[in-house]
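Visitor: I am new to this structure and would like a close look at a single part of it. Please take one helix, describe it, and then show how the rest of the chain is arranged.

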Amino acid sequence: MELRQLKHFLAVAETLNFRTAADRLHMTQPPLSVSIRKLEEEIGARLFVRSTHSVELTAAGEAALEHARAAVFHAAELARVAESTAAGATGTLRVGFVGSAKNRLLPLLLRAFRRTYPGVTLKFTEDTNTGLVDSLERHTLDVCIVRVPLVRRSDLQYVTVEADRFVLALPKDHRFARQKRITLRDLADEPFIDYTQSTIPGLHALSTMLFREAGVTPRVTQEAVQVETVLFLVGSGMGVALVPSSAGRKGRDGVEFRDLITEVPQPRLGLAVAWNPRYESQAGLRFRALAEEVGTEAARP
């Protein structure tokens, strides 16, 4: 049974006239009659009672009519959904993100994406950079917002959408809170909260490089996986830390942020949209393009 035959059946059933149905289908009457006859043979039942002056549906034809309509409808829907999904307009997109993306970039991006592509269902996962990279490589996530630079070698591709820099986070009652600008040398004797090397190698490596260039060995007293955890420890009076400036845009209870005077230009860091080029979907491509558009807005003070 072919979809074409069902369309022929519907045209005859709705007009009850082979000539009118043939005109509607932009074909001649004899091929239409042959198509209906072959359909009846395949089904094993007559669909129409034909006479010289009339055409009527048989009981079998009446019973088959709604199913034929449903089949033709769903076939058309299949094509529509496949086309719109391929274009990124519908479907499901699995999005991963690091916690600091929630500060400004992610809310702006999600509002814009939902407004532009309401037919796409978004499923979210928050994780560390390492976890997100693993998920992209295994294709358990489609697209991720990660912290860059990525220290780990990978075939993943990414585009930076929000540039950032390090600032100093310190408890509100800290003696440095009265100063506007602080050097890394000022921190030599301060309890320092660092990033866990194996989990956030990028931020750990960059902060270590800055201290090394300044000739300072920080007195690390705490380590944490997430920037949010680092800020919690700072607000609890456990020490000071270097954090991405985007983390301080919303303000934090018990935490002050100060610019740093560094010995060398600060390394380039920020947030990026990453994807696996072997598995990129159209929805993921749309997400990435929109992220580049809203990244400029997210970077504004």
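Guide: Helix α3 covers residues 29–43, and its 15 residues reach 21 Å from the first C-alpha to the last, close to the 21 Å expected at 1.5 Å a residue. The model is a predicted one, and what follows is computed from it.

Five residues of α3 are listed as buried: L32, S35, I36, L39 and E40. Seen down the axis of α3, these buried residues fall within an arc of 135°, so they line one face of the helix. The spacing fits a general rule: an α-helix has 3.6 residues a turn, so residues three or four places apart point the same way. On the other side of α3, P30, K38 and E41 are exposed. The cover over the buried residues includes α1 (3–15), α2 (18–24) and β1 (48–50).

The two ends of α3 can be taken next. Ahead of it, the loop between α2 and α3 holds H26. H26 counts as exposed because its relative accessibility is 75%. The phi of H26 is positive, about 60°, although H26 is not a glycine. For comparison, most residues other than glycine have a negative phi, and most peptide bonds are trans. Just after α3 comes G44, with a positive phi of about 90°.

Further along the chain, T58 sits in the loop between β2 (55–57) and α4 (59–86). Its relative accessibility is 13%, so T58 counts as buried. Leaving aside neighbours within four places in sequence, T58 is in contact with R46, L47, F48 and V49. With F48, the C-alpha atoms are separated by 5.2 Å, although T58 and F48 are 10 residues apart along the chain. With R46, a polar atom of the T58 side chain lies 2.6 Å from the backbone oxygen. F48 and V49 lie within the range of β1, one of the elements that cover the buried residues of α3.

Another buried loop residue is N103, placed between β3 (91–97) and α5 (105–116). N103 counts as buried because its relative accessibility is 9%. A polar atom of the N103 side chain lies 3.1 Å from the backbone oxygen of S100.

Both elements beside that loop also give residues to the largest nonpolar core. This core has 36 residues, of which L93, F113, I145, V273 and F287 touch the most other members. Two or more residues come from each of β3, α5, β4 (120–126), α6 (129–138), β5 (143–148), β6 (157–164), β13 (269–275) and α9 (282–298). The element that gives the most is α5, with 6 residues. V273 shows how parts of the chain come together: leaving aside neighbours within four places in sequence, V273 is in contact with V143, C144, I145, Q157, Y158, V159, V161, F287, R288 and A291. A second, separate core has 33 residues, including F166, A177, L184 and V243.

Two loops beside β5 have backbone features to note. H139 is placed in the loop between α6 and β5. The phi of H139 is near 60°, a positive value in a residue other than glycine. H139 is partly exposed, with a relative accessible area of 27%. In the loop between β5 and β6 is P149, and the peptide bond from V148 to P149 is cis, with omega near 15°.

That leaves the chain as a whole. The protein has 9 helices and 13 strands. Its radius of gyration is 32 Å, well over the 19 Å that the globule rule gives for 301 residues, so the protein is more spread out than a compact globule. The C-alpha trace spans about 105 × 30 × 30 Å along its principal axes. Buried residues make up 45% of the 301 residues. Of the contacts with a separation of 6 or more, 74% are between residues 24 or more positions apart.

To return to the helix that opened this account, α3 has its buried residues on one face, with P30, K38 and E41 exposed on the other side.

Technical notes. Residues numbered from 1 in each chain as written. Predicted model: local features only at pLDDT ≥ 70, side-chain atom pairs only at ≥ 80, totals over all residues. Heavy atoms only, no water. Helix = DSSP H or I, 4+ residues; strand = E, 2+ residues; numbered from the N terminus. Expected span 1.5 Å × (residues − 1). Buried < 20%, exposed > 50% of the residue type's maximum accessible area, 1.4 Å probe, protein only. Arc of directions from axis to C-beta. Contact = heavy atoms within 4.5 Å. Polar contact = N/O pair within 3.5 Å; in protein donor to acceptor, adjacent residues only side chain to side chain. Core = buried A, V, L, I, M, F, W, Y, C linked by side-chain atoms within 4.5 Å. Rg over C-alpha atoms; globule rule 2.2 N^0.38 Å.
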